[in-house]
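These are my notebook entries on a single structure. I record below what I looked up, topic by topic.

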Amino acid sequence: MQPASVRRLSLSIFVAAGLFEALTAKPMSFDDLLACQRLSEPKVSPDGNWIAYVIAVPDKTENRVNSDIWLVPSAGGEPRQLTRSPKHDRHPTWSPDSRWIAFESNRDGGFQVYVLPTDGGEARKLTSISTEATQPVWSPDGQHVAFLSSVFPEFSEKPFAESDKLNREKNEARDKSKVKARIITRLLYRHWDSWVDDKRQHLFVQPVQGGVARGEPRDLTPGDRDAVPTSSTFSAGDDFAFSPDGQELAYTATPTPAREEAWSTNHDIWVVDLKSGQRRVLTTNPAADAYPRYSPDGRLIAYRAQVRAGFEADRWQLMVVDRKGGVPRSLTTDFDASVEQFVWASDGRTLVIEAERQGTRPLWRLSTNGDSPEVLTIGGVAGEPELMPDGATVVFTRNRMTGPVQLERLGLVGGESKVLLDPNATRTRELSLAAPESVTIRGAGGVPIQLWILKPPGFTADRKWPLVFWVHGGPQGAFMDSWSYRWNPQLWAAQGYVIAMPNPRGSTGFGQKFTDEISGDWGGKVQTDLMAALGYLEKQSWIDTRRMAAAGASFGGYVMNWFQGHTDKFRTLVTHCGVYNFDTMYGTTEELWFDEWDHGIPWENPKFSKHSPHRFAKKFKTPNLVIHNELDFRVPIAQGLDLFTVLQRKGIPSKLLYFPDEGHWVLKPQNSELWHRTIFSWLAEYLKE
């Protein structure tokens with residue numbers, strides 16, 4: 001043991017170093033946010049020695065994001081970069097012998113599957129399919145790589161060479177034609193920011209040996225049906241998986257008949273035999289079943305399932321069903337939270353699951369014997385769990401409001417997690433990043449409402465600060481103790497504002513009843529909750545109630561539009577891709593099940609537009625920045641244009657920021673820079689002294 005004098009000196013040096021970092025830390029800038037490395041998709045090698053993962057880095061000059069695959073020893077150590085193409089290399093998957101990594105890349109144009117030797121050497125192309133190849137998954141027997149490709153279904157029954165030729169010719173004819181018209185015969189013809197047209201996402205397998213393709217790929221799911229849903233609403237990752245013997249694939253099939261896909265949530269689990277091509281359905285639940293995963297012995301298939309048909313935000317339960325068929329049973333009947341990603345442990349009796357809890361997302365340990373899940377991690381947002389071959393250790397990613405994603409490992413028996421890799425540690429130490437505060441207030445009916453508060457650098461309680469009040473999207477979503485590259489509260493707080501992030505009725509992670517209570521009531525309890533949160537903030541001595549703004553996107557943008565007609569407490573509003581007119585929204589959005597569950601069908605529900613902001617335009621008077629994007633097919637561009645027209649016609653100070661090349665989110669680096677600069681300039685005009 002060290003002498004007391006040495007210990008005191010060591011402590012003094014440590015305290016002094018911490019004080020120096022605190023004094024020299026700088027407020028976060030947009031360039032700081034952009035410079036952060038974005039870690040994702042950790043995959044443990046079958047021999048347990050390595051973890052492959054993806055690092056994405058924005059390239060502002062090229063106005064895009066570049067991603068590459070890296071390796072780090074699973075015991076910790078120096079990382080090693082495997083790929084260096086200037087585009088996207090991502091979605092790594094290991095061969096069973098740990099000698100090869102397959103991944104998707106668009107380095108030569110469209111996405112194809114490549115294979116890379118882990119001991120050095122160049123990547124080689126595994127697929128050259130005209131309709132591209134994504135989401136590779138290596139079979140446990142090492143004989144196949146499965147992947148997805150969006151094909152024209154009318155050619156899918158033909159031999160591969162012929163069908164691929166016909167797909168290529170049809171795509172090229174469309175691209176070269178001077179006529180860009182589309183003939184559409186059914187709904188869900190576009191999704192988020194992409195046109196689906198009449199293609200289908202099919203599952204293919206490519207025979208492989210020694211890292212080399214052997215023969216042609218084979219379409220395992222021919223016909224006019226998706227083998228993986230076009231809608232990402234029901235996805236927790238790869239929506240298909242190999243059986244342990246490599247002889248079968250389980251997958252998530254979309255609703256039938258096809259004409260009902262836009263308003264039905266009836267997804268089912270199917271299996272297909274690789275040799276015979278025979279397909280059979282395992283589940284007949286009228287609501288959504290998705291994300292199948294085989295138990296290590298291949299006897300059971302676990303999957304996520306909802307109970308209420310038509311409700312995309314219903315609680316996801318974890319189900320198991322015998323691989324040969326039978327009655328599924330829930331492992332989480334009494335667990336009042338939605339299961340997201342999960343992974344089997346090698347003992348076949350334990351699973352690690354993700355599930356939100358009150359503004360955080362822990363990992364949980366779940367037994368197949370029916371015991372209640374046990375929490376493994378505390379704080380932040382943990383995800384992408386991978387089990388080490390020993391079955392006793394989980395590798396996962398975690399991020400917090402105070403820092404981007406890092407890679408960690410933790411024993412399933414508990415204890416402290418170990419950080420294996422934090423690619424942004426040096427950078428974040430240089431920044432003044434405040435820890436968020438969580439408070440609980442009483443909302444409608446006295447129900448507890450959680451509220452995050454983030455204070456700006458240099459905050460002192462003896463002066464008054466301007467407030468920016470955020471409202472999250474969804475509406476079935478939540479503000480989490482997490483890092484974001486789009487709406488980052490640390491960056492907004494660095495502008496000199498207190499940022500408030502309430503989780504009102506409709507938020508996830510607070511029990512299903514709490515989530516349900518927004519459906520059909522967008523202008524009701526949730527608005528009472530929000531105003532109660534604002535009321536709490538107004539009572540704080542350090543809030544300047546003369547300088548308050550509100551901002552939100554999607555449903556949060558809807559709330560900004562609702563605020564326009566219902567409160568004058570804010571000096572300005574920022575509406576990003578917000579719902580404005582329920583009537584026109586229903587007719588132009590792509591996923592009708594959402595609108596129909598929350599509001600009904602317009603010609604059947606006389607109160608369909610009761611809570612539509614456009615009905616209260618006569619009362620609008622608050623200065624408003626409106627942001628909307630051409631490729632937003634979820635909340636189409638007309639919603640933003642309609643709002644801006646009304647604001648201008650009424651003479652209300654307003655500005656429209658329009659992106660022709662973005663969807664529901666602003667993702668390109670230069671576009672994001674303009675987005676932030678425009679918002680911060682607008683807020684400063686109304687909130688700065």
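**Entry 1: the largest cavity**

I began with the lining of the largest cavity, which by class comprises four nonpolar, five polar and two charged residues. I note at the outset that the model is a predicted one. I then asked which residues make up this lining. The list reads L188, D226, P229, T230, S231, T254, P255, E261, S264, H267 and W593. The two charged residues of the lining are D226 and E261. I next looked up the volume of the largest cavity and found about 50 Å³ of space. How many cavities of 30 Å³ or more does a search of the whole structure give? I recorded one.

**Entry 2: the hairpin of β1 and β2**

I turned to strand β1, residues 38-44, and strand β2, residues 50-59. I found that β1 and β2 pair in the antiparallel sense, with five bridges between them. Within this pairing, I located L39 opposite I55 of β2. I also checked the connection: β1 and β2 form a hairpin, and five residues lie between the two strands. In the turn I noted G48, whose phi is positive, at about 80°.

**Entry 3: the sheet from β28 to β31**

I looked up the strand order of a further sheet and wrote down β28-β29-β30-β31. This sheet of four strands is open, and its pairing is antiparallel. Which strands stand at the edges? I identified β28 (381-387) and β31 (418-421), each of which pairs on one side only. For the angle between neighbouring strands of this sheet, I noted an average of 35°, with direction ignored. I then examined one pairing in detail: β30, residues 403-411, and β31 are joined in the antiparallel sense over three bridges. Here I found L407 with L421 of β31 as its bridge partner.

**Entry 4: the surroundings of M501**

I placed M501 in strand β35, which covers residues 498-503. Is M501 buried or exposed? I entered M501 as buried, because its relative accessibility is 2% and the cut-off for buried is under 20%. I then listed the contacts of M501, leaving aside neighbours within four places in sequence. The partners are M401, Q450, L451, W452, L454, W470, F479 and P489. Finally, I looked up the separation of M501 from A382, which lies 119 residues away along the chain. The C-alpha atoms of M501 and A382 are 20 Å apart.

Methods. Residues numbered from 1 in each chain as written. Predicted model: local features only at pLDDT ≥ 70, side-chain atom pairs only at ≥ 80, totals over all residues. Heavy atoms only, no water. Pairing = 2+ DSSP bridges. 1 Å grid on protein atoms, 1.4 Å probe; cavity = no way out; pocket = protein on both sides within 12 Å on 5 of 7 lines; lining within 4 Å. Points joined across faces, edges and corners; volume = space filled by probe spheres on them. Axes fitted to C-alpha atoms, helices over the stretch in contact; angles between N-to-C directions. Buried < 20%, exposed > 50% of the residue type's maximum accessible area, 1.4 Å probe, protein only. Contact = heavy atoms within 4.5 Å.
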